[in-house]
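Dear colleague,

I am handing over the structure below, and I would be glad if you could keep it open while you read the notes that follow it.

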Protein chains: 2
Amino acid sequence: MKKTPATDAKQSAAAQDPVLATRERIVRAASRLMQRQGYAGTGIKQISLEAQATLGSVYHFFPGGKQELAVAAIRHGDLEFAEELRTALGSETDPADAVLAFTRHLATGLRTSDWIDGCPITTTALGTAGSSPDIQSAAAEAFARWREIVFDKLRETGIAETDAHDLAHTVISTLEGAELAAQVSRSSEPLDIAGKHLARLITAYL
Amino acid sequence: MKKTPATDAKQSAAAQDPVLATRERIVRAASRLMQRQGYAGTGIKQISLEAQATLGSVYHFFPGGKQELAVAAIRHGDLEFAEELRTALGSETDPADAVLAFTRHLATGLRTSDWIDGCPITTTALGTAGSSPDIQSAAAEAFARWREIVFDKLRETGIAETDAHDLAHTVISTLEGAELAAQVSRSSEPLDIAGKHLARLITAYL
DNA sequence: GTCTATACCCCGATAGAC
DNA sequence: GTCTATCGGGGTATAGAC
C-alpha cells in the first residue's frame, strides 16, 4: 500500500492555512483525509499533523474522540458539497442544463485531484455503516439536504411536487453512482453519460 | 463505535461452512468483512477468526498479505454480484422490467441485512483509491463486467450499440448510487425510484 | 488552549515446530 | 498445510505541566 503524503495544494491550502482557527483547520483536515482514506484508514495523529495542531488540541475541541471528529467532518463535507451544488444549479435556468453543468463540475474535480477526491462523505459513511449511528445519521442528513436543493430547483420550473421529489432522488443517486464509477474507472465517461441521461430524464418531465 | 460480532446467518453460513476448502472460506470471510468495514477497518486476524482458519493458513494462501487478500475479496464480490445481475436480468424479457426486478432484489438484500450489506466492492475500493493500484484495477474490472452484462441484455432487444453502451453505464451508475443512498438512508425509496426511472429511460430507447 | 509523554491495545507480518 | 508465539510499530485516548 502506497502511503499518501498528502502534500497536494488543495489539502495544504485548506488545512494548513494559519489564518484559520485551530478547530476549523482540524475539521477541514479530518474531512479531506477521511474522504480519501475512510474512517478506519485515517489516524487522529495524521489529522493533527495535517492540521498543524497538536494531539491535545484535537481532544480539547473534540472530547468525543474520533467519532465526534468524523461527525464534524461529514457535516463539513455536507455543506461544502451543498454549496457547490447550489452554485452549479444556479448557473443555468433550465434544470436539465443545470444538472449537466454539475456533472462537468464533478468530473473536473475528480480529474484535477487525479481521481482521489470523490464524494466528501461516502467513504466515511460506508466504512462505518451499521456500527456508528451518529455518523450514519449525519450522512443521511447530507443526502437529504442535497436532494432538497435539487428538488427546489425542479419546483422553480413548474415540475409537479411528486415528480420533483422522485427526480431529486434519482438525480442525487445517479450523481453519486456516476462519481463513484468515474473514480474507480479513472475516467469521466460515467459522469458525462450520466449528465446526458439525467438531462433527458428531467426534460421529459418539463 | 459499536463492534460487529458478525454472527449473522449469511456470514456464518458462507465463511464457516466446514465443507468449503480453507482458501475459499478465507476469501469469503474477507469479502464479506471488507464489504462492511472497508480495507483498513478489517483485520487479518478478524478474517482468520471468521473463516475458522489460522493466521498461518491465511499467509500460506496469500503470501502477499492484506493487499493480495483484498484483491481476491474484490474478485469474489465481483463475480457474486455479476451472477445476481445475470439471474435477475434473465428473469424478464423486457430489459426495463429486468432492471426494475434487479432494483427490488438489491432492496431486499439491503433490508434483510439491516442495511449493512451494500455493494460488495465499493467500500473496499473507495478506501484504497489512489493508494493501491492492484485493488483499484480489480474494482475497475468489476464495474466493466457488470456494465457488459447490462449491455448484452440491451443489445438482445435491438437497442443500437452506442445507445446500449451509454445506457449500460447509466444503469450501473444509478444502481450503485441508489444502493448507496438506500444504505445511508436506511430506506428502499432511492432504489424503488431509481428502478422506475431507469425503466422509463430504457423504454425510451426501445 | 497548547503541548509532551505515556499507558494500553491491536495491527500486519514473520519464524519455525509439527 | 496448520498452528503458536512473538516482533516491531502504530493506533486511540489520557494525564498533567505550562
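**The surface near DNA strand C**

In this predicted model, the residues of the surface near DNA strand C divide into four nonpolar, eight polar and two charged. Of the 14 residues around the strand, those that come nearest are T22(A), T54(A), I44(B), Y59(B) and K66(B), and sugar and phosphate make up 59% of the atoms of DNA strand C that come within 4 Å of the protein.

Some individual contacts with phosphate oxygens of DNA strand C can be followed by eye. An N or O atom in the side chain of K66(B) is 2.9 Å from one phosphate oxygen, a polar side-chain atom of S57(A) lies 3.4 Å from a phosphate oxygen, and for T42(B) a backbone N or O atom lies 3.4 Å from a phosphate oxygen. The elements that give two or more residues to this surface are α4 (55–61) of chain A and, from chain B, α3 (44–50), α4 (55–61) and α5 (65–90); α4(A) gives the most, with four residues.

**Two helices of chain A**

Helix α5 (residues 65–90) of chain A packs against helix α6 (residues 95–112) of chain A at an angle of about 130°, with the axes 8 Å apart. Because angles between 115 and 145 degrees fall outside the other classes, α5(A) and α6(A) are oblique to each other. The contact is made by F81(A), E84(A), L85(A), A88(A) and L89(A) of α5(A), together with A98(A), V99(A), F102(A), H105(A) and L106(A) of α6(A). By class, this contact has eight nonpolar residues, one polar and one charged.

With best wishes

Key. Residues are numbered from 1 along each chain as its sequence is written. Chains are lettered from A and ligands numbered from 1 in the order in which they are written. This is a predicted model: local features need pLDDT of at least 70, side-chain atom pairs count only at pLDDT 80 or more; totals for chains, interfaces and linings use all residues. Side-chain values use heavy atoms; hydrogens and water are left out. Axes are lines fitted to C-alpha atoms, for helices over the stretch in contact, and angles run from 0 to 180 degrees between N-to-C directions. Angles under 35 degrees count as roughly parallel, over 145 as roughly antiparallel, 65 to 115 as roughly perpendicular and the rest as oblique. Contact means heavy atoms within 4.5 Å. Ala, Val, Leu, Ile, Met, Phe, Trp, Tyr, Cys and Pro count as nonpolar, Asp, Glu, Lys and Arg as charged, and the others, Gly among them, as polar. A residue is near a molecule or strand if one of its heavy atoms lies within 4 Å of it. A polar contact is a pair of N or O atoms within 3.5 Å; within protein, one must be able to donate a hydrogen and the other to accept it, and residues adjacent in sequence count only if both atoms are side-chain atoms.
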